[in-house]
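Trainee: I would like to take a close look at a single part of this protein rather than tour the whole of it. Could you pick up one strand and walk me through its surroundings?

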Amino acid sequence: MMEQNSKIYVAGHRGMVGSAIVRELKRQGYTNIITRTHSELDLINQQAVNNFFAAEKPEYVFLAAAKVGGIVANSSALADFMYDNMMLEMNVINAAWRNGCRKLEFLGSSCIYPRMAPQPMPESCLLTSELEKTNEAYALAKISGLKYCEYINRQYGTDYISVMPTNLYGPNDNYHPEHSHVLPALIRRFHEAKESGAKSVTCWGDGSPLREFLYVDDLANLCVFLMNNYSGNETVNAGTGKELTIKELTEIVAATVGYDGEILWDTTRPNGTPRKLLDVSKATRLGWTYRTELPDGIRLAYEDFLHNPMRAER
């Protein structure tokens, strides 16, 4: 268990996940939280990371930093997504081990699982068949990070764990028109359509893929829970165990935003993985369940979008 004054480093604290973890730690009374901006510490720079860990000696690390993006970003920058993510993961995990970090938690993504994995996807289906091509580079990098945690545990007796979230959304999300994920992209698109009086909004694919969404503050609550209550080499899935079609999602977002125009579908655009539902029974057995239902979470996310002046640029 982390002590209230334990030295805790949250890597990626300005991102959606990292900022939520910082909020949750503060909510639970942790007082010694270390953060660094990208300009203060470039996690891709191995020497800089080594120097930081040698100087600060954090006892616990939440590794939430990552280069992230949606289908367009992943498809157009394959090499960048693989290199940047693998470098920062290896640098942080290795430096944590070399400097006596008591426990590290690595944040991955459900895209690590095979394209045609059994549904819902158990942790055990990892590496059993091929990945979804549209985000293969990112998935390979994340698989490398969680496997490095496993291998360093097996070789050196460390207590490094991994958690694999489903699709996330919430405060501090990325609403960039080209580089965002589906839910924040829809929030922005419907908001701008409402503001401009557009009669229709065109969405990618045919609306049939099934997706699961977890509010980011619920993930943060799980992350702190696992740091205090779980040890093991196998990753832990983080999700709700519930899914809906992209078409259903667009209708909820449109209603939340207040857009009443027509929703069209561009079937020349990719759908992505047909279905991605996580088996969350492991987290449930450990004693954790999510709190925020999707309509409530989308309302909170839209409120954040309206009050976040950087929403369009991130």
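Mentor: Happily; let us start with strand β1 and work outwards from there. Please keep in mind that this is a predicted model.

First, the setting. The sheet that holds β1 is open and has six strands, in the order β2-β1-β3-β4-β5-β10, with parallel pairing. At its edges are β2 (33–34) and β10 (236–238), each of which pairs on one side only. In the order of the sheet, β1 stands between β2 and β3. Strands of a sheet pair through backbone hydrogen bonds, either parallel or antiparallel.

Now the two partners. Towards β3 (residues 60–63), strand β1 (residues 8–11) makes four bridges, and the two run parallel. You can find this register on screen from two positions: I8 is opposite Y60, and V10 is opposite F62. Towards β2, there are two bridges, again in the parallel sense, and here Y9 faces I34.

Next, look at the side chains of β1. In a regular strand the side chains alternate between the two faces of the sheet. Here I8 and V10 are on one side, Y9 and A11 are on the other, and all four are buried, so both faces of the strand are covered.

What packs on this sheet? One answer is helix α1 (residues 16–27), which touches β1, β2, β3 and β4 (103–107). The direction of the helix makes about 155° with that of β1. Together, β1, α1 and β2 form a β-α-β unit, and the unit is right-handed.

Within α1, a good residue to click on is I21. Its relative accessibility is 0%, so I21 counts as buried. Beyond its neighbours within four places in sequence, I21 is in contact with V10, F62, A64, L107, A220 and C223. Two names in that list should look familiar, since V10 and F62 are the residues that stand opposite each other in β1 and β3. A220 is worth a look too: 199 residues separate it from I21 along the chain, yet their C-alpha atoms are 4.7 Å apart.

Let us turn to Y9. In general, nonpolar side chains tend to be buried together in soluble globular proteins. The largest nonpolar core of this model has 40 residues, and Y9, L43, F53, I93 and L104 are the ones that touch the most other members. Strand β1 is among the elements that give two or more residues to this core, along with α2 (46–56), β3, α4 (78–98), β4, α5 (136–156) and β5 (160–165). The most comes from α5, with seven residues. Y9 also belongs to an aromatic cluster, in which ring pairs link it with F52 and F53.

From the same list of core residues, take L104 as well. Leaving out residues up to four places away in sequence, L104 touches V61, V92, I93, A96, C149, D159, Y160, I161 and M227. There is also a second, separate core of 33 residues, which includes A20, L219, V236 and A238.

One more residue may catch a biochemist's eye: K103, in strand β4. Is this lysine buried or exposed? At 5% relative accessibility, K103 counts as buried. Its contacts, apart from neighbours within four places in sequence, are E59, Y60, V61, D159, Y160, I161, L226, M227, Y230 and S231. Y60 takes us back to where we began, as it stands opposite I8 of β1.

Key
Residues numbered from 1 in each chain as written. Predicted model: local features only at pLDDT ≥ 70, side-chain atom pairs only at ≥ 80, totals over all residues. Heavy atoms only, no water. Pairing = 2+ DSSP bridges. Contact = heavy atoms within 4.5 Å. Axes fitted to C-alpha atoms, helices over the stretch in contact; angles between N-to-C directions. Buried < 20%, exposed > 50% of the residue type's maximum accessible area, 1.4 Å probe, protein only. Core = buried A, V, L, I, M, F, W, Y, C linked by side-chain atoms within 4.5 Å. Right-handed = clockwise from strand over helix to strand, strands pointing away. Phe/Tyr/Trp six-rings, centres within 6.5 Å; stacked < 30°, edge-to-face > 60°.
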